[in-house]
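Here is a model to explore together, one question at a time. Have the viewer open and follow along.

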Amino acid sequence: MKVAIVGASGAVGQEFLRVLEERNFPIDELLLFGSKRSAGTIYNFRGQDITVKLLEHNDDFKGVDIAFTSAGAGTSKEFAETITKYGAIMIDNSSAFRMDENVPLVVPEVNPEDALNRPRGIIANPNCTTILMVVALKAIEQLSHIKQVHVSTYQAASGAGAAAMDELYTQYKQVLAGETPTVEKFAYQLAFNLIPQIDVFTENGYTKEEMKMFNETRKIMHSDIRVSSTCVRVPALRAHSESIWVETERPVSVEEAREAFGKAAGLVVQDNPAGQNYPMPLFLSGQDPVYVGRIRKDLANDNGLTFWIVGDQIKKGAALNAVQIAEYLHQQKHR
């Protein structure tokens, strides 16, 4: 198996290296690609030093089986043909192809079989908030069809990349030292603050991030589900949290929901309010699963249920999900 990572020096690219090593993904040869800025950088993978090559329109992807791309939508669009020309499967972490009808949008715990039908040779990794949410929604959907979802997200600095995480650290140090904080990666200072905007606003008053949750959830779940969201940047480092309300066709009890969550792939129930035990981003960074807690009936809707989830944005929200797609394809090929 010959594997490539495009955008190897970024936060997600670095997580790809860790996840591939952790999960012992079958790799005979690993190629790393990056921009002019990162070309020439050397990373160690399984005891071997690998130099990042400059991403160019050439034959470098000849013989590549899987290419994980995480270098932004512009790069993905520009290089898609170059990457897939010789048969490589491109698993793309950007927003470039998510709503393309010829590109499957896949979360392995929810719709793995969609990955088998890829006319363009591309599989899209969904937005991080959508990935975390649909892993939980799938468990409820199997009990009763979900008609609508209201969700507020609490998104960590990592969603804006490694430099944004560094900026959050820097801001805290600057504020505590009485200095004016550096603000470059976000519209406002994030330290000691919340910013109720992620991505740009659209004509309907929702941001692009919020509209991704609406559109992507429907595509992944093959459903008429409606999702209304408010996405908020919070000064956590790398795990996202979401407060979710669902309305199902029939009432679903807390006991039913807890049992379904407990049996679901990729979910861990952490729900003991009496013991103050519930998912928190501080303690769940670096973990693989999505954690769910605060499971309770919605007081405003007889068919409503509400719960809280936390998942690592760089891991399950990005690199791990893409690697799980590749694992599924490898399993199907060797059945």
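The expected span of a helix is 1.5 Å times one less than its number of residues. Keep in mind that this is a predicted model.

Q: What span should the 15 residues of α4 have at 1.5 Å a residue, and how far apart are its end C-alpha atoms?
A: Taking 1.5 Å a residue, the 15 residues of α4 should span 21 Å. The model agrees with this, because the end C-alpha atoms of α4 are 22 Å apart.

Q: Which residues of α4 are buried?
A: Buried means under 20% relative accessible area. In α4, the residues that meet this cut-off are A164, M165, E167, L168, Q171 and Q174.

Q: Which residue that follows α4 has a positive phi?
A: Beyond the end of α4, there is a backbone angle to look at. Its phi is positive, near 75 degrees, and the residue is G178.

Q: How far does helix α1 reach from its first C-alpha to its last?
A: Helix α1 covers residues 11-22, which makes twelve residues. At 1.5 Å a residue, the expected value is 16 Å. The helix comes close to that, reaching 16 Å.

Q: Is α1 mostly covered or mostly exposed, and how many of its twelve residues are buried?
A: The buried residues include A11, V12, G13, Q14 and E15, and further along F16, L17, V19 and L20. Their cover includes the strands β1 (2-6), β2 (29-34), β3 (42-45) and β6 (66-69), along with the helices α4 (162-176) and α8 (315-333). Helix α1 is thus mostly covered, and the number of buried residues is nine.

Q: Which residue just after α1 takes a positive phi?
A: Stepping past the end of α1, the backbone takes a phi of about 55 degrees. The residue in question is N24.

Q: With which residue does E15 form a salt bridge?
A: E15 counts as buried because its relative accessibility is 3%. Its partner lies three residues apart from it in helix α1, about one turn of the helix. That partner is partly exposed, with a relative accessible area of 40%. The closest N and O atoms are 2.7 Å apart, and the partner is R18.

Q: How many salt bridges does a search of the whole structure find?
A: One of them joins the side chains of K53 and D60, at 3.3 Å from N to O, and K53 is partly exposed at 34%. Another links E256 and R250, with the closest N and O atoms 2.8 Å apart. Salt bridges that share partners also join E22, R23, D288, K315 and E327 into one network. For the whole structure, the search gives 19.

Q: Which helix gives the most to the largest nonpolar core?
A: In soluble globular proteins, nonpolar side chains tend to be buried together. Here the largest nonpolar core has 55 residues, and L137, V149, F261 and F307 are those with the most contacts inside it. Nine residues of this core come from one helix, at residues 128-141, and that helix is α3.

Q: Which residues are in contact with L137, leaving aside its neighbours within four places in sequence?
A: L137 is among the residues with the most contacts inside the largest nonpolar core. Its contacts are I146, V149, T217, M221, I225, I244, V246 and F307.

Q: How many residues does the other core have?
A: This core lies apart from the largest one. V12, I89, I325 and Y328 are among its members, and its size is 42 residues.

Q: What separation do the C-alpha atoms of I83 and A4 have?
A: I83 sits in helix α2, residues 73-84, and counts as buried because its relative accessibility is 1%. Not counting residues up to four places away in sequence, it touches V6, F61, A67, T69, A88 and M90. A4 is 79 residues apart from I83 along the chain, yet their C-alpha atoms are separated by 9.5 Å.

Q: Is F283 buried or exposed?
A: F283 is in helix α7, residues 281-284. Together with M280 and L282, F283 makes a nonpolar surface patch of about 340 Å². Because its relative accessibility is 56%, F283 counts as exposed.

Conventions. Residues are numbered from 1 along each chain as its sequence is written. This is a predicted model: local features need pLDDT of at least 70, side-chain atom pairs count only at pLDDT 80 or more; totals for chains, interfaces and linings use all residues. Side-chain values use heavy atoms; hydrogens and water are left out. A nonpolar core is a set of buried Ala, Val, Leu, Ile, Met, Phe, Trp, Tyr and Cys residues joined through side-chain atoms within 4.5 Å. Buried means under 20% relative accessible area, exposed over 50%, partly exposed in between (1.4 Å probe, protein chains only). Helices (H or I, at least four residues) and strands (E, at least two) are DSSP runs, numbered from the N terminus. Contact means heavy atoms within 4.5 Å. Patches are made of residues with over 30% relative accessible area and no salt bridge: like charges are joined within 9 Å, nonpolar side chains (Val, Leu, Ile, Met, Phe, Trp, Tyr) within 5 Å. Accessible areas come from the Shrake-Rupley method with a 1.4 Å probe; for residues, only the protein chains shown count as cover. A salt bridge is a side-chain nitrogen of Lys or Arg within 4 Å of a carboxyl oxygen of Asp or Glu.
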